[in-house]
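Colleague: I am new to this structure. Could you take me through its interior, one question at a time?

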Amino acid sequence: MRAGDFARAWEINARDLRDLVAQGRPKHEGPRHLQRIWRGEPLAGSRVLVRCYHGLGDTLQFVRFARPLRARAREVTVWTQPDLVELVSRCAGVDRALPLHDGTPDAAFDTDIEIMELPFALGIQKSAISEHIPYIDVPTGPARPVVLGDGLIHVGLVWSAGSWDSRRSVPLAALAPLVQIAGVRLHRLQPYGPREQTCPPYEVSDLISPRISGAAANIRQLDLVITVDTMMAHLAGAMGISVWTLLCTPADWRWTEMDGRSIWYPTMRLFRQSEPGVWAPVISAVARELGMFASEHRNGQRAARL
């Protein structure tokens, strides 16, 4: 998957699935994030329950496959994280979205599958990964207004991926070069977390929303989102918003080994560390590109770099 060789990945998955079935192990055994739920049951004509047992970003990345799933299935129910029910329910191919909990799903179904297994079960090829983008339909609703038409580039910032993987987070002080770029207004999209992550040491306006659908409405107003590898990168990419994602090294498998671009999101650019823990060259590259982005905006060439 890291190499982008989906055909080979599906061969390996099929082999592992055959071994799993031969062992006769029951479904839903062990911690849910390690469960292999789908055992090759037919999807065509079935009522399919899609379980979202991993992170918010994983759900946003893989819910794109509800559309091709629904082309085969009779009904698609997505059992998703409560914070995502509003957005997932509006995705093509989803008949209904229900809030995930630790009990039994409140839905009748013929077969169930974890959302990250969908591309394997559907035999998705690399060429079809980025079809139908945007696929997140943001509900019409109030957003915190951004001053539009002021001649500035409005950029949303997310710098922390949380304590579960601190390698992905960028120290706030390291982002200071972005503040010095003429013609750019920075907006905080980073949710409030630990005290040391609360207040940037420079001026950034607040575009935080307690709801993910509210965050989506806010970033829809922006020219660009700059974020570390976290849920917000997937949200912006799924909406077709221009997003620059800052990656630690080694980066997660999903960002493959492509230089500068993502196979998942056509509007995303990737900026990678060349040395673990060293962010300064990454931020320098982002600042340089952002300066050109702002200059071209002023010269009426914004579309060329989006």
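**Inside the model**

Modeller: This is a predicted model. A helix makes a plain starting point: in α7, the buried residues are Ile212, Ser213, Gly214, Ala215, Ala216, Ala217, Asn218 and Ile219.

Colleague: How many of the residues of helix α7 are buried, and is the helix enclosed or not?

Modeller: Helix α7 covers residues 212-219. Its buried residues pack against α2 (56-62), α4 (85-88), β8 (224-228) and α8 (231-239). The helix is largely enclosed by the rest of the structure, because the buried count is 8 of the 8 residues.

Colleague: Which helix gives the largest share of the largest nonpolar core?

Modeller: The largest nonpolar core has 93 residues. Ile136, Leu178, Ile226, Leu235, Leu246 and Leu290 have the most contacts inside it. The largest share of this core is 8 residues, and they come from residues 280-298, helix α9.

Colleague: Which residues does leucine 178 contact, apart from its neighbours within four places in sequence?

Modeller: Leu178 is one of the residues with the most contacts inside the largest core. With neighbours within four places in sequence left aside, its contacts are Leu157, Leu186, Ile226, Ile283, Val286, Ala287 and Leu290.

Colleague: Is isoleucine 283 buried or exposed?

Modeller: Isoleucine 283 is in helix α9. Beyond residues up to four places away in sequence, it touches Val170, Ala174, Leu175, Pro177, Leu178 and Leu246. Buried means under 20% relative accessible area. Isoleucine 283 has 1% relative accessibility, so it counts as buried.

Colleague: What separates the C-alpha atoms of isoleucine 283 and proline 177?

Modeller: Along the chain, isoleucine 283 and proline 177 are 106 residues apart. Isoleucine 283 nevertheless touches Pro177. The separation of their C-alpha atoms is 7.5 Å.

Colleague: Which residues of strand β4 are buried on each side?

Modeller: In a regular strand the side chains alternate between the two faces of the sheet. Strand β4 covers residues 111-114, and both of its faces are covered. The buried residues are Thr111 and Ile113 on one side, and on the other Asp112 and Glu114.

Colleague: What is the relative accessibility of threonine 111?

Modeller: Threonine 111 lies in strand β4. Its contacts beyond four places in sequence are Trp38, Glu41, Pro42, Leu43, Ser46, Arg47, Val48 and Leu49. Threonine 111 counts as buried because its relative accessibility is 3%.

Colleague: Which residue of β4 stands opposite leucine 49?

Modeller: Strand β1 (residues 47-51) and β4 run parallel, joined by 4 bridges. The residue of β4 opposite leucine 49 is aspartate 112.

Note on methods
Residues numbered from 1 in each chain as written. Predicted model: local features only at pLDDT ≥ 70, side-chain atom pairs only at ≥ 80, totals over all residues. Heavy atoms only, no water. Core = buried A, V, L, I, M, F, W, Y, C linked by side-chain atoms within 4.5 Å. Buried < 20%, exposed > 50% of the residue type's maximum accessible area, 1.4 Å probe, protein only. Helix = DSSP H or I, 4+ residues; strand = E, 2+ residues; numbered from the N terminus. Contact = heavy atoms within 4.5 Å. Pairing = 2+ DSSP bridges.
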